[in-house]
Structure formats: structure tokens, C-alpha cells
Amino acid sequence: MPTFHPTKQLIRVKVVYYGAGQCGKTTNLKMLHQVFPAGSRGAMVTLDTESERTLFFDYFPAHLGNLRGYKVQVDFFSVPGQSFYNSTRRELLRNVDGLVFVADSSERRENANLLALENLEQNLAMYGRSLKDTPHVLQWNKRDVQDAVPVNVMETLYNRYGASSESAIASEMVGVWETQTAVLRTVLERLSQQYGQQPAAMAG
Ligand SMILES: Nc1nc2c(ncn2[C@@H]2O[C@H](COP(=O)(O)OP(=O)(O)OP(=O)(O)O)[C@@H](O)[C@H]2O)c(=O)[nH]1
Ligand SMILES: [Mg+2]
């Protein structure tokens, strides 16, 4: 659920990038942070180990403009992909409004992607939620690798609920902005379905 701050006329939305270890979640956030205009983004926080694997999370806030008189702030997070950080991943899913599942296109990462997707479903279930009912998009990242699985096969493997999907080469900024646009579109559609036309109703 988004957080409403009626006195500040602010809506805060939480978007989480999820996926297997080293599929490119941190790269997405770093690239995205660079393309947001300096005046509309906050500082990026990255908590990683010496080997640059995410230890806790990456985070930055961005201001998107106005929705019916309310300022909209998006809090972008990426989870740590390594299997032993599951409690952190689960915690980051608390009150999530939108999800990006980043799948590594390399054939060798197929099993890791499937495990990550299963893990996402399990962690959402801890909050009585499901991927089916949570606004989400999929990103087919690393389209530049030699053993990239065809997009139509990835759709069959991972896109279980007919969500939007984007091909990407996050390290070259390809598809990063489009993925963010797609997830926010689904989040905002859900918001207007839930709260209708009136910001006052949203605030309640
Ligand atoms: N070839 C290729 N490499 C990429 C792409 N995107 C990211 N990488 C590389 O993949 C490696 C892992 O990227 P990260 O963004 O750190 O991955 P992560 O998902 O945050 O990993 P964890 O935090 O350990 O879960 C880095 O060396 C990136 O430069 C891509 O589109 N193509
Ligand atoms: Mg990372």
C-alpha cells in the first residue's frame, strides 16, 4: 500500500527490483539514478560487500511530479540476490507497491531465475500476498550475452501472469528507463482503481 501524507500533500510509492544474484538489479538502480534529473532525485544509498555484491539493499527516492494535487515520491529499492540474504529480501517486500523481476538472459542462469521467482512468491505469501495480485513487470536483462535465451522462451518460463516485459542491457542503459516507466504505469493504474478520482478518498 502506498503511504499517504495528507498534510504534506504527498504520496509515497515503493518499487522493488527483485531477481537472482548478479542479474543486474544494482546496475538498473545506478543507471536509473543517473537519468533522473538532479533536482528530482535523492542520494543513492548502496550497501554492498567488498566484492560489490549487495549486502542489504540499494535505495534512492525520486519525485515524479503531481497526481491530482499530490506530489508523488517513488522509493526505489533493490534486494540482495544471494540466497542467504532471504530475511532481508522478505523485509524489503513489506508494503511493496510495484515489483520489477529482473531475469538474467543467460541460459546458465535459468535455474537461478526460477529459484528467485519461486522465492519471490514465497516471500510475498508471508504477507498474505501473491505476485498475481501485485503490480509487476519483468525485465529480460543481459540481452548482450552470447547464450541469451530467446525472449519468447523467457516469456513462457517467467511471465506467469501476462505482465508487461522489457528487454534490457542495463550495463549500457538499454531498457532501464522503459522498465521503470512500465512498472510505474502498472502501480499508478492500480492506485486509481483502488482510490478512484478523489485524493481525499486516497488520503482516508
Ligand atoms: N553483459 C552484461 N552484464 C551486465 C548487465 N547488467 C549488469 N551486468 C553486470 O552483471 C554484474 C552484476 O550486476 P549487479 O547489478 O551487481 O547485480 P545484482 O543483481 O545487483 O547482484 P546481487 O546484488 O549480488 O544480487 C556486474 O558485473 C554488472 O556490470 C547486462 O545487461 N549485460
Ligand atoms: Mg545488487
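**Exercise 1. Determine how strand S5 is paired with S2 and with S4.**

Solution. Step 1: S2 and S5 (residues 70–78) run parallel and are joined by eight bridges; two strands count as paired if DSSP finds at least two bridges between them. Helices (H or I, at least four residues) and strands (E, at least two) are DSSP runs, numbered from the N terminus. The model is a predicted one, in which local features need pLDDT of at least 70, side-chain atom pairs count only at pLDDT 80 or more, and totals for chains, interfaces and linings use all residues. Residues are numbered from 1 along each chain as its sequence is written, while chains are lettered from A and ligands numbered from 1 in the order in which they are written.

Step 2: Within this pairing, Arg-12 has Gln-73 in S5 as its bridge partner.

Step 3: S4 (residues 54–67) and S5 run antiparallel, with nine bridges between them. Here Tyr-59 has Phe-77 in S5 as its bridge partner.

Step 4: The hairpin of S4 and S5 has two residues between the strands, and Arg-68 takes a positive phi near 45 degrees.

**Exercise 2. Establish which residues of helix H3 are buried and what they pack against.**

Solution. Step 1: H3 comprises 16 residues (110–125) and reaches 23 Å from its first C-alpha to its last, close to the expected 22 Å; the expected span is 1.5 Å times one less than the number of residues.

Step 2: Asn-113, Ala-116, Leu-117, Leu-120, Asn-123 and Leu-124 are buried. A residue is buried if 20 or more other C-beta atoms, placed from the backbone, lie within 10 Å of its own, exposed if 12 or fewer, and partly exposed in between.

Step 3: Seen down the axis of H3, the buried residues fall within an arc of 130 degrees and so line one face of the helix; the arc is that of the directions from the helix axis to the C-beta atoms. An α-helix has 3.6 residues a turn, so residues three or four places apart point the same way.

Step 4: On the other side of H3, Asn-111, Glu-118, Gln-122 and Ala-125 are exposed.

Step 5: The buried residues pack against strands S2 (10–18) and S6 (98–104) and helices H2 (86–92) and H4 (151–158); a contact requires C-beta atoms, placed from the backbone, within 7 Å.

**Exercise 3. State the confidence of the model along the chain.**

Solution. Step 1: The average pLDDT (the predictor's confidence in each residue, from 0 to 100) is 91, and 95% of the residues score at least 70.

Step 2: Over residues 198–204 the pLDDT is below 50, and this stretch has nine contacts in the model beyond near neighbours in sequence. Where pLDDT is low, the predicted coordinates should not be read in detail.

Terms used. Two residues are in contact if their C-beta atoms, placed from the backbone, lie within 7 Å.
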